[in-house]
Amino acid sequence: MRKMLRRAREGADRRPGPPGPYVLLPTLLMGLGSFSNLWQGETSNPWVGGLGLLAFNSLYISVVFRGFDRRRRESTTSYVLLALMGAVTVGLAVGYGGNWLLFFPLYSLAVGTILRGRLLGVSLLTLGAGACGVALWQGDHVSQPWTIGYGTVISGAVTAAILTLSETVMELRETRRELARAAVEQERLRFSRDLHDLLGHTLSVVVVKSEAARRLAPHDVDAAIAQIHDIESVGRQALREVREAVTGYREGGLATELDRAGPVLAAAGIEKVVHRSGPPPDPRADALLGWVAREAVTNAVRHSGATRCVFTLDRARGRVRLTVADDGLGPADGAGGGTGLRGLSERLAAAGGSLESGAGPDGGFVVTAELPVTAPDGATECPAAEPSAADPLDPPQRERR
């Protein structure tokens, strides 16, 4: 099965690319009429004609192969070879006429592989007019003079258009590959943030409850066993959350994280206080604020040495704000610049919000997250009116555990 998948991917990558220089080599068969004239002795000065034919073919092959390499195509050598080839073409056409006039369309093909833009247009029109003039002057070709000029212009234009389109397609493919790689990197970054937030919080809980069980074991075996049961429960919960994160369907919001924070903070000797006002945030904001609360609890338990942690959720001017303040010392770096908070700051910024963290005005450590709030129909909400007493979420709620 693995081999079949690998072959399928390789087959998808083997799509047609730009044509190579070999596709233009068969066009040299257009010169068989001139070679036949030389072979049958119908050409005057056959040695001059033979050397001219050899020089034209050699220059054609060299120019065509250089035309498929952008760096070599734009070099001075390519333009010099193209000019020499033009001189040979005009000389053979003027000197012999007849089948030798077909070297004009061949030369136009070479011009189409080298030149681009306005220079290509001017060169093809000049070459077409010259071919038509030479054919009219010679007057011994089986085709009409204008057909030689028309074929000359069309040959170069079509060649340049096909090569330009092929190069554009290859650039688009490369751009798509770069975008795919960037998307993979973004997904890896997102998943690493999720794992950090999930496992960092869970392992902190396990450490705190393990320390509590160790302290209680000599004096209260039942309480220590209860802490061990909590550790088992937390481990199972972490396993479920990791599985949900892997599948991309982890659900959980601010209320869930606040409920989970109670026992964790209590085990660390931290009092939890919650103030909430206004209606609940919309699902997207609720999920992001849940991550903020989770990270703030992790930092409070792991770093702060706090005795009190206050969660304040309010709404004003179309934005919902969550503030988590403790009376501890904050993270060890003193600026709240840990990996978790940096990742959350990037997430909130992508959602049009912001995250600030640092020392509070009265000491301790404060994390403030703000997000825009939209109504169910997608419109931005107006500032909310004063909450009524009938709403159970309106009065500030304090929870102590």
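Buried, as used here, means under 20% relative accessible area, and exposed means over 50%. Keep that in mind for the exercises below, and remember that this is a predicted model.

**Warm-up: the whole chain**

Task: Work out what secondary structure the protein has and how much of it is buried.

Solution. Start with the tally of elements: there are twelve helices and five strands. Then go to burial, where 38% of the 401 residues fall under the cut-off. Last, look at how contacts spread along the sequence. Taking contacts between residues at least 6 apart, 71% join residues at least 24 apart.

**Exercise 1: the two sides of α5**

Task: Find which residues of α5 are buried, which on the other side are exposed, and what covers the buried ones.

Solution.

Step 1. Get the helix itself straight. α5 runs over residues 76-96. Its 21 residues reach 30 Å from first C-alpha to last, close to the 30 Å expected at 1.5 Å a residue.

Step 2. Pick out the buried residues: Ser78, Leu81, Leu82, Met85, Gly86, Thr89, Leu92, Ala93 and Tyr96. They cover an arc of only 145° around the axis, so they sit on the same side of α5. The spacing has a general background: an α-helix has 3.6 residues a turn, so residues three or four places apart point the same way.

Step 3. Turn to the other side of α5, where Thr76, Ala87 and Gly95 are exposed.

Step 4. Ask what lies over the buried residues. The cover includes α3 (46-67), α4 (70-73), α6 and α7 (117-138).

Step 5. Check what comes after the helix. Gly97 follows α5, and its phi is positive, near 65°.

**Exercise 2: α5 against α6**

Task: Describe how α5 packs on α6, and say what kinds of residue make the contact.

Solution.

Step 1. Begin with the geometry. The axes of α5 and α6 (residues 103-114) come within 10 Å and cross at roughly 170°. Angles over 145 degrees count as roughly antiparallel, so that is what α5 is to α6.

Step 2. List who meets whom. From α5 you have Ser78, Tyr79, Leu82, Met85, Gly86, Thr89, Val90, Leu92 and Ala93; from α6, Phe103, Phe104, Leu106, Tyr107, Ala110, Val111 and Ile114.

Step 3. Sort them by type. You end up with 13 nonpolar, three polar and no charged residues.

**Exercise 3: α6, covered all along**

Task: Determine how many residues of α6 are buried, and how α6 packs on α7.

Solution.

Step 1. Size up α6: it has twelve residues and reaches 17 Å from its first C-alpha to its last, close to the 16 Å expected at 1.5 Å a residue.

Step 2. Count the buried ones. Twelve of its twelve residues are buried, among them Pro105, Leu109 and Thr113.

Step 3. Look at the angle with α7. The two helices pack at about 175°, with their axes 11 Å apart. α6 and α7 are therefore roughly antiparallel to each other.

Step 4. Go through the contact. Phe104, Tyr107, Ser108, Val111 and Gly112 of α6 meet Leu120, Ser123, Leu124, Leu127, Ala131 and Val134 of α7. By type, that gives eight nonpolar, three polar and no charged residues.

**Exercise 4: four single residues**

Task: For Ser34, Asn45, Gly253 and Gly328, decide whether each is buried or exposed, then see where each one sits.

Solution.

Step 1. Ser34 lies in helix α2 (residues 32-39). Its relative accessible area is 0%, so Ser34 is buried. Leaving out residues up to four places away in sequence, Ser34 touches Asn99, Trp100 and Phe103.

Step 2. Asn45 belongs to the loop between α2 and α3. At 53% relative accessibility, Asn45 counts as exposed. Now check its backbone: phi of Asn45 is near 50°, a positive value in a residue other than glycine. Most residues other than glycine have a negative phi.

Step 3. Gly253 is in the loop between α9 (221-247) and α10 (254-267). At 6%, Gly253 is buried. Beyond its neighbours within four places in sequence, Gly253 contacts Asp286, Ala287 and Gly290. The C-alpha atoms of Gly253 and Asp286 are separated by 5.1 Å, though the residues are 33 apart along the chain.

Step 4. Gly328 is placed in the loop between β3 (319-326) and α12 (339-350). With 8% relative accessibility, Gly328 is buried as well. Its C-alpha is 8.7 Å from that of Cys309, 19 residues away along the chain.

Notes: Residues numbered from 1 in each chain as written. Predicted model: local features only at pLDDT ≥ 70, side-chain atom pairs only at ≥ 80, totals over all residues. Heavy atoms only, no water. Axes fitted to C-alpha atoms, helices over the stretch in contact; angles between N-to-C directions. Helix = DSSP H or I, 4+ residues; strand = E, 2+ residues; numbered from the N terminus. Parallel < 35°, antiparallel > 145°, perpendicular 65-115°, else oblique. Contact = heavy atoms within 4.5 Å. Nonpolar A, V, L, I, M, F, W, Y, C, P; charged D, E, K, R; others polar. Expected span 1.5 Å × (residues − 1). Buried < 20%, exposed > 50% of the residue type's maximum accessible area, 1.4 Å probe, protein only. Arc of directions from axis to C-beta.
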